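Welcome! Here is a friendly tour of one protein chain, written to be read with the picture open beside you. Take it one topic at a time.

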Amino acid sequence: MNESKKCKESFVVKTSIVLPPDTNAYGTLFGGKLMAYIDDVAGISAMRHARKNVVTASTDSVDFLHPIHQGNSVCLEAFVTYTGRSSMEIFVKVIAEDLLSGERNICAMSFLTMVAIDENGKPTPVPSVIPETEEEKSLYDSAKERADIRKNRRKDSEYRAKKYGIKQPE
């Protein structure tokens, strides 16, 4: 596939208000709920870029930098930063806003890898990506390094899965 698309063509924004059922005993957004939001916007961004179905191949670590309190809005921004043959790296930034004071904080950032699949569930080629802004160029230029880290982490996971196996605890 020789076509290319600009990063901004895959840009997705999702904003929600944090309600009581979404919070823990401390009145902050459940981490797992935020991780689901992150996967959701990354998937939409990847599908927008590839115009194909996608699956999540990996999620880099999610560091919770600032709590997201009940009553805050939580805004996730995502876009494709880099592509391989069938894979796409998606950057997701999470911003919380106190809707009464207007205070805003970056609460989390993550990179996910999504793979485009065809109607048979097999990986299929995706367009390359064209970074334009300084942020896009910086993320694009550092993507290979992150990909190498992911590849090594996956090898370690495969090694441990084989080593520890699937036998039942005794």
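How many bridges join S3 to S6? Six bridges do, and the two strands run antiparallel. Keep in mind that you are looking at a predicted model. The chain has three helices and seven strands, and this briefing moves from the overall layout to the sheet, the helices and some individual side chains.

**The chain as a whole**

- If you follow the chain along its sequence, the pattern reads β-β-α-β-β-β-β-β-α-α.
- The C-alpha trace spans about 55 × 45 × 30 Å along its principal axes.
- There are 170 residues in the chain, and 39% of them are buried.
- Take the contacts between residues at least 6 apart in sequence: 73% of these join residues at least 24 apart.

**The sheet**

- Five strands make up an open sheet, and walking across it you meet them in the order S2-S4-S5-S6-S3, with antiparallel pairing.
- S2 and S3 (53-59) are the edge strands, and each of them pairs on one side only.
- From one strand to the next, the twist averages 30 degrees.
- Ten bridges connect S4 with S5 (residues 87-97), and this pairing is antiparallel.
- On that seam, Tyr82 has Glu89 in S5 as its bridge partner.
- S5 and S6 also pair in the antiparallel sense, here over eleven bridges.
- Ala96 stands opposite Asn105 in S6.
- S5 and S6 form a hairpin with six residues between them. Look in the turn for Gly102, which has a positive phi of about 85 degrees.
- Where S3 meets S6, Ser58 stands opposite Thr113 in S6.
- Is S6 mostly enclosed or mostly open to the outside? Ten of its 14 residues are buried, so S6 is largely enclosed by the rest of the structure.

**Helices across the sheet**

- Helix H1 (residues 31-50) lies across S2, S3, S4, S5 and S6 (104-117). Its direction is at about 45 degrees to S4.
- Helix H2 lies across S4, S5 and S6. H2 runs at about 55 degrees to S4.

**Aromatic rings**

- The structure holds four aromatic pairs.
- In one of them, the ring centres of Phe11 and Phe79 are 6.5 Å apart and the planes are at 35 degrees, so this pair is tilted.
- Phe11 and Phe79 link distant parts of the chain, 68 residues apart. Phe11 sits in the loop between S1 (4-6) and S2 (12-17), while Phe79 belongs to S4 (residues 73-83).
- Which of these two partners is buried, and which is partly exposed? Phe79 is buried, with a relative accessible area of 6%, whereas Phe11 counts as partly exposed at 34%.
- Another pair is made by Tyr82 and Tyr140: the ring centres are 5.1 Å apart and the planes are at 50 degrees, so this pair is tilted too.
- Tyr82 lies in S4 and Tyr140 in H2 (residues 134-141), so the pair ties together parts that are 58 residues apart in sequence.
- Tyr82 is partly exposed, at 28% relative accessibility, and Tyr140 is partly exposed with a relative accessible area of 29%.
- Phe11, Phe79, Phe91 and Phe111 form one aromatic cluster.
- Arg146 lies over the face of Phe111, a member of that cluster, at 4.0 Å from the ring centre.

**A close look at Thr81**

- Thr81 is found in S4.
- This residue is buried: its relative accessible area is 0%.
- Which residue's side chain makes a polar contact with the side chain of Thr81? The partner is Glu89, at 2.4 Å.
- Leaving aside residues up to four places away in sequence, Thr81 touches Glu89, Ile90, Phe91, Val129, Leu139, Tyr140 and Arg146.
- Several of these names will be familiar by now: Glu89 is the bridge partner of Tyr82, Phe91 belongs to the aromatic cluster, and Arg146 lies over the face of Phe111.

Definitions and conventions
Residues are numbered from 1 along each chain as its sequence is written. This is a predicted model: local features need pLDDT of at least 70, side-chain atom pairs count only at pLDDT 80 or more; totals for chains, interfaces and linings use all residues. Side-chain values use heavy atoms; hydrogens and water are left out. Rings of Phe, Tyr and Trp (its six-membered ring) pair if their centres lie within 6.5 Å; planes under 30 degrees apart count as stacked, over 60 as edge-to-face and the rest as tilted. Helices (H or I, at least four residues) and strands (E, at least two) are DSSP runs, numbered from the N terminus. Buried means under 20% relative accessible area, exposed over 50%, partly exposed in between (1.4 Å probe, protein chains only). A charge sits over a ring if NZ of Lys or CZ of Arg is within 6 Å of the ring centre and within 35 degrees of the ring normal. Two strands pair if DSSP finds at least two bridges between them. Axes are lines fitted to C-alpha atoms, for helices over the stretch in contact, and angles run from 0 to 180 degrees between N-to-C directions. Contact means heavy atoms within 4.5 Å. A polar contact is a pair of N or O atoms within 3.5 Å; within protein, one must be able to donate a hydrogen and the other to accept it, and residues adjacent in sequence count only if both atoms are side-chain atoms.
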